[in-house]
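Subject: A structure for you to look at

Hi,

Here is the structure I promised to pass on. Have a scroll through it first, then read my notes below with the model open beside them.

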Amino acid sequence: MSQFKRLVRFSLGDKVCYGDLVESNGDEHTVERLDGSLFDDLERTGDIVKTSQLLCPLERTPLIVCIGLNYKKHAQEANLSVPTYPVVFTKPADALAGPADVIRTHPDARPMLDFEGELAIVIGKDAKDVAEENALDYVLGFSASNDVSARNFQLPEASGGQFC
């Protein structure tokens, strides 16, 4: 796979493309367009284009796996103790959103709606029993992520201690 610094997905007319973000100035983005497929091969084209519409970096994903209560300050904010093993939960694939997309929420979720900036790690190929020293070989990239949760549905009396 070709190297990229800041991978983006964007609209170019009626076509959706991948690119390496060169510069972002408000609503206008300068991108070097890449040809190919994200998980097969991306090739640099040398074409520098401008776009006003950045999309979600991933077109799709089978699952979003999340780790909760993995740092002390956040646990303290929630009046919870840090567990021996972090809480693992999932979000559905349709939770993916682009940087300017509206996040729609059900009215019942709004009384305790919470959002947090998170580090998203995009795994680029299947992995199992990977040694720690080889872990980064499986990472496609990193992204900022907005984790939106309805805390009222996570309370033990509502969730039974399980939530996704």
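To get you started: in which strand is the place of isoleucine 123? The answer is strand 8, which covers residues 113-123. Before going further, please keep in mind that this is a predicted model.

Staying with isoleucine 123, its relative accessible area is 48%, and that makes it partly exposed. Setting aside the neighbours within four places in sequence, its contacts are Phe39, Tyr138, Val139 and Leu140. Tyrosine 138 makes a nice example of how the chain folds back: it is 15 residues from isoleucine 123 in sequence, but C-alpha to C-alpha the two are 5.7 Å apart in space.

Now the whole chain

Let's zoom out. The protein chain has 164 residues, and 28% of them count as buried. Its secondary structure consists of three helices and nine strands. If you walk along the sequence, you meet them in the pattern β-β-β-β-β-β-α-β-β-β-α-α. The C-alpha trace spans about 55 × 40 × 25 Å along its principal axes.

Take the contacts between residues at least 6 apart in sequence: 46% of those join residues at least 24 apart. The accessible surface adds up to about 11,800 Å², and carbon and sulfur atoms account for 51% of that. As for charges, there are 16 positive and 26 negative ones, and the mean positions of the two sets are 2 Å apart.

The sheet

A bit of background first: strands of a sheet pair through backbone hydrogen bonds, and they can do so in a parallel or an antiparallel way. Here, five strands make an open sheet with antiparallel pairing, in the order 4-3-2-1-5. Which strands stand at the edges? They are strand 4 and strand 5 (54-55); each has a single partner strand, so one side of each has no neighbour in the sheet.

You can trace part of this sheet yourself. Strand 2 (residues 15-25) pairs with strand 3 (residues 28-37) in the antiparallel sense, over seven bridges. Together they form a hairpin with two residues between them. At the turn end, look for asparagine 25, which stands opposite glutamate 28 in strand 3. Glycine 26 is in the turn and has a positive phi of about 65 degrees.

Next, follow strand 3 into strand 4 (residues 41-51). These two also run antiparallel, joined by eight bridges, and the hairpin between them goes through three residues. Two pairs are good to click on here: aspartate 35 stands opposite glutamate 43 in strand 4, and histidine 29 has threonine 51 of strand 4 as its bridge partner.

Two unusual backbone angles

Most residues other than glycine have a negative phi. With that in mind, have a look at leucine 69, which is not a glycine but has a positive phi of about 50 degrees. Leucine 69 is in the loop between strand 6 (64-68) and helix 1 (72-77). Aspartate 129 is another such case, with a positive phi near 55 degrees. Its loop runs between strand 8 and strand 9 (139-150).

Is each of these loop residues buried or exposed? Leucine 69 counts as buried because its relative accessibility is 17%, under the 20% cut-off. Aspartate 129 counts as exposed because it reaches 74%, over the 50% cut-off.

Cysteines and a phenylalanine

How many disulfides does a search of the whole structure find? The count is zero. Cysteine 56, for one, is in no disulfide: the nearest cysteine sulfur belongs to cysteine 66 and is 14 Å away. Cysteine 56 is buried, at 10% relative accessible area, and cysteine 66 is buried too, at 13% relative accessibility.

Last stop: phenylalanine 89, which has its place in strand 7 (residues 87-91). With a relative accessibility of 9%, phenylalanine 89 counts as buried. Glycine 68 is 21 residues away from phenylalanine 89 in sequence, while the C-alpha to C-alpha distance between them is 7.4 Å.

That's the tour. Shout if anything is unclear!

Cheers

Note on methods:
Residues numbered from 1 in each chain as written. Predicted model: local features only at pLDDT ≥ 70, side-chain atom pairs only at ≥ 80, totals over all residues. Heavy atoms only, no water. Helix = DSSP H or I, 4+ residues; strand = E, 2+ residues; numbered from the N terminus. Buried < 20%, exposed > 50% of the residue type's maximum accessible area, 1.4 Å probe, protein only. Contact = heavy atoms within 4.5 Å. Areas by Shrake-Rupley, 256 points an atom, 1.4 Å probe, with all protein chains shown as cover. Lys, Arg positive; Asp, Glu negative; His and termini not counted. Charge placed at Lys NZ, Arg CZ, Asp CG, Glu CD. Pairing = 2+ DSSP bridges. Disulfide = S-S within 2.5 Å.
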